[in-house]
Amino acid sequence: MSETAKKFNFKLIATDGMARRGEITTPHGVVRTPAFMPVGTQATVKAMYPGQVRETGADVVLGNTYHLMLRPTAERVDRLGGLHTFMNWPHTILTDSGGFQVMSLAQLRKLDEEGVRFQSHIDGRKYHLTPERSVEIQGLLGSDIQMQLDECIKLPSPKEEIQRAMELSLRWAERSRTQFEAMGGPAKGQGLYGIVQGGDQPDLRIRSAESLGKLPFEGFSVGGLAVGEPQNVMLQMLDITTPVMPVDKPRYLMGVGTPDDLLESVKRGIDQFDCVMPTRAGRHGLAYTRFGKVNLKNARHQDDARPLDAENQCPASSVYSRAYLHHLVRAGEGLAGMLLTWNNIAYYQQLMQGMRDAIEEGRFDEFYARTKEDWARGDIAAL
């Protein structure tokens with residue numbers, strides 16, 4: 001692979017209002033943006049084969065540092081050829097820093113300036129995760145896009161607590177960057193993203209974004225949203241944050257979200273997303289379609305011979321009847337989760353492709369309005 005091919009790069013192809021169409025180039029391929037990244041927490045997108053995920057249109061998947069450092073360990077993955085080889089995904093991989101899971105899953109955690117000490121939720125073993133160790137783990141995994149360690153707190157929280165966590169995250173950002181460069185990340189064509197924090201406080205969001213923008217990150221994430229606040233608060237924070245983020249770098253909204261969240265956030269200038277929602281919903285009998293959500297647990301579907309969407313190219317959407325899917329869900333069959341997850345990931349990718357095309361053709365507002373109308377019409381039809 002040539003040095004040119006190895007270099008991490010973001011190219012902005014078109015804009016329509018604040019909405020952006022671009023491409024991220026990594027050593028493992030091109031990521032078309034806006035992009036939805038299926039979550040492969042433990043080196044697998046639950047209930048799907050890697051090739052199946054790729055066929056839905058996904059250019060990139062996400063792996064989780066916290067889970068992979070506990071099991072099977074980053075060192076073991078490294079010895080086995082890196083995460084791409086380990087999970088049979090030869091395309092782009094993004095890893096998060098592990099910070100959010102430490103805060104939400106770990107036992108007896110203690111945070112200080114150095115990092116966070118915690119006990120594994122699996123076996124109680126003690127670990128110390130610092131900004132440097134997080135980047136080291138991600139380097140061992142060999143991910144193409146890596147995240148700084150940050151502190152993510154739930155909302156609502158007192159402004160003093162939000163400010164403390166934001167300032168700590170800024171200091172950790174500098175330490176993460178130093179470690180990333182020491183490990184040769186830029187030379188390998190990898191990217192490290194800084195994470196904007198600041199909770200629901202506009203002045204703190206702006207300060208965080210402006211401070212991070214002075215550091216040589218390859219991209220920037222908006223963190224600390226979708227953590228309990230209403231959607232309108234999240235969107236207000238994006239309205240004031242994205243205008244002060246660098247134009248020539250990708251923008252990633254972490255842990256979001258519903259199809260409506262994606263549509264609204266792209267409208268506000270976001271390029272990348274990840275969320276467990278489409279896979280988790282599929283395993284619990286909920287399908288996302290271009291006509292809204294379909295709850296296959298409902299008895300109304302037991303005699304319905306229609307597929308989820310006859311015009312959809314995904315077989316899970318167009319081949320199997322709602323009656324059959326309802327039966328699988330009610331019977332607790334594993335195939336239910338497989339088919340509905342397949343449908344959901346395919347729909348999310350179709351939604352992103354629709355937005356990419358609309359932005360490039362200068363008709364994003366039209367696409368936005370029509371998509372909202374289709375969802376509303378689906379609700380009225382009680383699908």
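This is a short chat about the nonpolar cores and salt bridges in the structure above.

Reader: Before we start, what kind of model is this?
Author: It's a predicted model, where local features need pLDDT of at least 70, side-chain atom pairs count only at pLDDT 80 or more, and totals for chains, interfaces and linings use all residues. Residues are numbered from 1 along each chain as its sequence is written, and side-chain values use heavy atoms, leaving out hydrogens and water.

Reader: OK, which residues touch the most other members in the largest nonpolar core?
Author: L253 and M355, in a core of 91 residues. Helix α15 (residues 334-360) gives the largest share, 13 residues. A nonpolar core here is a set of buried Ala, Val, Leu, Ile, Met, Phe, Trp, Tyr and Cys residues joined through side-chain atoms within 4.5 Å. Buried means under 20% relative accessible area, exposed over 50%, partly exposed in between (1.4 Å probe, protein chains only). Helices (H or I, at least four residues) and strands (E, at least two) are DSSP runs, numbered from the N terminus.

Reader: Switching topic: how many salt bridges?
Author: The count is 26, taking a side-chain nitrogen of Lys or Arg within 4 Å of a carboxyl oxygen of Asp or Glu.

Reader: And R177, what does it pair with?
Author: E218, with the closest N and O atoms 2.7 Å apart. R177 is in helix α8 and E218 in the loop between α9 and β12 (219-222), so the pair ties together parts 41 residues apart in sequence.

Reader: Is R177 buried or exposed?
Author: Buried, at 6% relative accessibility. E218 is buried too, at 14%.
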